[in-house]
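Please open the model in your viewer and keep the selection panel at hand. We will go from stop to stop, with a few words on what to select at each one.

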Amino acid sequence: VLYALKDYLGEATINRALQRLIALLANTSEATSVDFLNILKEEAEPGYLTLIEDLFEKITLYDLATTDSRVEPLSNGRFRVSIDVEASKIYADKLGNETRTALDYPVDIGVFLRSPLSPDFTTDDVLYLEKHAPGSGASTFEVIVDERPSFVGIDPYGKLIDRDSRDNLAGI
């Protein structure tokens, strides 16, 4: 969860929130996780309030999957990669009742020379990694890369709590 928070909000935002929490603690000798979340919400850009709530205040699960992919060589030596994904966000209550809701923030879409799960994987294997808003349901993303990829995926590093992260990556 903290890895996702750092990725979305940035280290500087988290550090500002922690500095404010430390200052609050110095003045009151008492601070809670609720104080931290309130400060974090104030420091974060408004578009991330739902994400913070999803990560810390709700039981939020994701169903993210790469369902298909295609690669097309282009005349200029580059490659057009099409990635089909399915995405959904689910809220659960303490009894296990689930409610599907809109996935209303972006998720990483990646294109790789080798699988991020490979022990030999390095940052040199990343051809493309950007956040896109898949919404809920099926989406297709197209990207152009300089080398022929071997793997594609949605949330390829598993930053979000996915019910089955094994289907996030797919060979191409």
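For this tour, a salt bridge is a side-chain nitrogen of Lys or Arg within 4 Å of a carboxyl oxygen of Asp or Glu. Keep in mind that the model is predicted.

Select Asp125 and Arg114 to start: their side chains form a salt bridge, with 3.5 Å from N to O. Both residues sit in the loop between β4 (107-112) and β5 (126-132), so the pair ties together parts that are eleven residues apart in sequence. Is Asp125 buried or exposed? Asp125 is buried, at a relative accessible area of 7%, while Arg114 is partly exposed at 33%.

Next, select Arg78 and Asp146, whose side chains meet in a salt bridge of 2.7 Å, N to O. Arg78 belongs to the loop between β1 (59-73) and β2, and Asp146 to the loop between β6 (137-145) and β7 (151-154), so this pair joins parts 68 residues apart in sequence. Arg78 is partly exposed, with 32% relative accessibility; Asp146 is exposed, with 53% relative accessible area.

Now pick Arg166 and Asp164, another salt bridge, at 2.8 Å from N to O. Arg166 is exposed at 72%, and Asp164 is partly exposed at 27%. Then select Asp7, Asp108, Lys131 and Lys159 together to see a network of salt bridges. The count of salt bridges comes to 21.

Time to look inside. Which residues touch the most other members of the largest nonpolar core? Select Leu64 and Val111: they do so in this core of 34 residues. Strand β2 (residues 79-92) gives the most to the core, with five residues. Stay on Leu64 and show its contacts beyond four places in sequence; among them are Leu103, Val107, Ile154 and Leu160, as well as Asp164, the partner of Arg166 in the salt bridge you selected earlier.

For a contrast, jump to Ala26 in helix α2 (residues 11-28). Ala26 is exposed, with a relative accessible area of 64%. Draw a distance from its C-alpha atom to that of Asp63: the two are 42 Å apart, with these positions 37 residues apart along the chain counted as their separation.

Finally, zoom out to the whole protein chain. Four helices and eight strands come into view, in the order α-α-α-α-β-β-β-β-β-β-β-β along the sequence. The C-alpha trace spans about 65 × 35 × 30 Å along its principal axes. Of the 172 residues, 38% count as buried.

Definitions and conventions. Residues are numbered from 1 along each chain as its sequence is written. This is a predicted model: local features need pLDDT of at least 70, side-chain atom pairs count only at pLDDT 80 or more; totals for chains, interfaces and linings use all residues. Side-chain values use heavy atoms; hydrogens and water are left out. Helices (H or I, at least four residues) and strands (E, at least two) are DSSP runs, numbered from the N terminus. Buried means under 20% relative accessible area, exposed over 50%, partly exposed in between (1.4 Å probe, protein chains only). A nonpolar core is a set of buried Ala, Val, Leu, Ile, Met, Phe, Trp, Tyr and Cys residues joined through side-chain atoms within 4.5 Å. Contact means heavy atoms within 4.5 Å.
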